[in-house]
Amino acid sequence: MTHLKGRSFTKELDFSVEEWRSLLDLAARLKQERREGAERQRLTGKKVALLFEKTSTRTRCAFEVAMMEQGGHTTYLDPAGSQIGHKESAADTARVLGRWYDGIEFRGAGQDVVETLARHAGVPVYNGLTDDWHPTQMLADQLTIMEHTTKPLSEVSYAFVGDVRNNMGNSTLISSALMGMDVRLVAPKQQQTSREVREKAEAIAAQTGARITLTDDVEAGVEGADFVATDVWVSLGEPKELWASRIELLRPYQVNQDMMRATGNPRAKFLHCLPAFHDRHTSVGEELYQATGMSALEVTDDVFESEASVVFDQAENRMHTIKAILVATLA
């Protein structure tokens with residue numbers, strides 16, 4: 001993995017097929033070492049700053065645990081904990097933190113911010129999520145797929161259903177193209193990924209043999225799928241005035257038992273990057289129920305809690321794959 005030392009991790013498009021696969025292989029190896037109690041610390045004394053403009057459970061904890069288990073340290077800066085974007089530019093923040101830390105993670109809205117940090121920090125910068133890309137999630141998703149199928153990734157059929165014109169849709173399309181997968185983005189036409197991202201995915205697919213389908217036909221989109229994935233329909237930063245129209249538009253794309261049966265594959269698995277609105281056991285879930293009458297939005301509780309659901313394996317793998325990124329770029 002020495003060829004990735006010092007590299008930033010801002011989006012999937014920055015990596016070759018071989019580099020992306022090597023990160024998956026390293027994550028699997030590190031996970032096995034941990035399971036066997038044979039993990040070797042490769043990041044002793046290394047320090048990573050965690051810049052969070054958007055809060056998170058999985059991303060923060062995954063970075064912190066990964067660094068701790070590898071002998072390193074983290075500093076967490078919450079949305080009010082730094083001056084970035086307020087009193088200090090991203091470029092200036094990068095040039096300060098890069099003198100103290102061996103790496104910087106950023107989770108926030110602007111892809112331009114993480115790219116600016118990467119240009120000016122002088123150390124690797126990691127994208128924990130932006131509005132355009134979510135690359136650490138993609139490694140976790142693909143590691144989970146590898147663990148739950150006997151097929152190579154190039155033979156896996158993967159349907160991502162719902163609102164795909166965002167970071168998850170973009171990253172799913174590009175990362176699946178890198179691994180030569182049969183990827184289907186199943187969404188209303190107005191919620192599909194951009195032409196620019198689609199063209200980049202098609203260029204990669206021409207080299208890897210990936211099969212790309214964009215459709216608003218649910219039955220055709222999920223037919224034969226080995227994995228069905230979705231994400232939230234409404235983001236908490238969006239105006240509530242949009243919720244009702246968005247939910248009405250996406251109702252036919254809810255992952256439920258009928259959709260899982262429509263795959264025609266009794267072994268099909270369900271993926272979700274979490275958190276998920278699958279019940280009323282949260283304040284937002286209850287608020288949405290009172291507004292819409294729906295006790296679940298993008299996925300029903302009977303799918304989320306079923307044997308087909310591998311969402312908590314997927315969540316666990318955030319840590320193993322982030323650890324691989326850190327080891328590959330810092331060790």
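Here are a few notes to help you find your way around this predicted model.

1. A good place to start is the pair of helices α2 (residues 58-69) and α13 (residues 311-330). Their axes come within 8 Å and cross at roughly 50°, so the two helices are oblique to each other. The crossing of α2 past α13 is right-handed.

2. Next, look at the residues that make this meeting. From α2 come Arg58, Thr59, Ala62, Phe63, Val65, Ala66, Met67 and Glu69, and they meet Ala315, Arg318, Met319, Ile322, Lys323 and Leu326 of α13. Nine of the contact residues are nonpolar, one is polar and four are charged.

3. Now for the interior. The largest nonpolar core has 56 residues, and those touching the most other members are Phe9, Trp20, Leu23, Ile145, Tyr158 and Leu326. Helix α13 gives this core its largest share, eight residues. There is also a second, separate core of 31 residues, with Val161, Trp233, Leu288 and Phe304 among them.

4. Trp20 is worth a click. Beyond its neighbours within four places in sequence, Trp20 contacts Phe9, Glu12, Phe15, Pro135, Met138, Leu139, Gln142, Ser175, Leu178 and Met179.

5. Finally, which loop holds Leu43? Leu43 lies in the one between α1 (17-35) and β1 (47-52). Its relative accessibility is 0%, so Leu43 counts as buried. Leaving aside neighbours within four places in sequence, Leu43 is in contact with Met67, Gln70, Gly71, Gly72, Leu326, Val327, Leu330 and Ala331. As for Ala205, 162 residues away along the chain, its C-alpha atom is separated from that of Leu43 by 35 Å.

Notes:
Residues are numbered from 1 along each chain as its sequence is written. This is a predicted model: local features need pLDDT of at least 70, side-chain atom pairs count only at pLDDT 80 or more; totals for chains, interfaces and linings use all residues. Side-chain values use heavy atoms; hydrogens and water are left out. Axes are lines fitted to C-alpha atoms, for helices over the stretch in contact, and angles run from 0 to 180 degrees between N-to-C directions. Helices (H or I, at least four residues) and strands (E, at least two) are DSSP runs, numbered from the N terminus. Angles under 35 degrees count as roughly parallel, over 145 as roughly antiparallel, 65 to 115 as roughly perpendicular and the rest as oblique. A crossing is left-handed if the near helix is turned anticlockwise from the far one by less than a right angle, and right-handed if clockwise. Contact means heavy atoms within 4.5 Å. Ala, Val, Leu, Ile, Met, Phe, Trp, Tyr, Cys and Pro count as nonpolar, Asp, Glu, Lys and Arg as charged, and the others, Gly among them, as polar. A nonpolar core is a set of buried Ala, Val, Leu, Ile, Met, Phe, Trp, Tyr and Cys residues joined through side-chain atoms within 4.5 Å. Buried means under 20% relative accessible area, exposed over 50%, partly exposed in between (1.4 Å probe, protein chains only).
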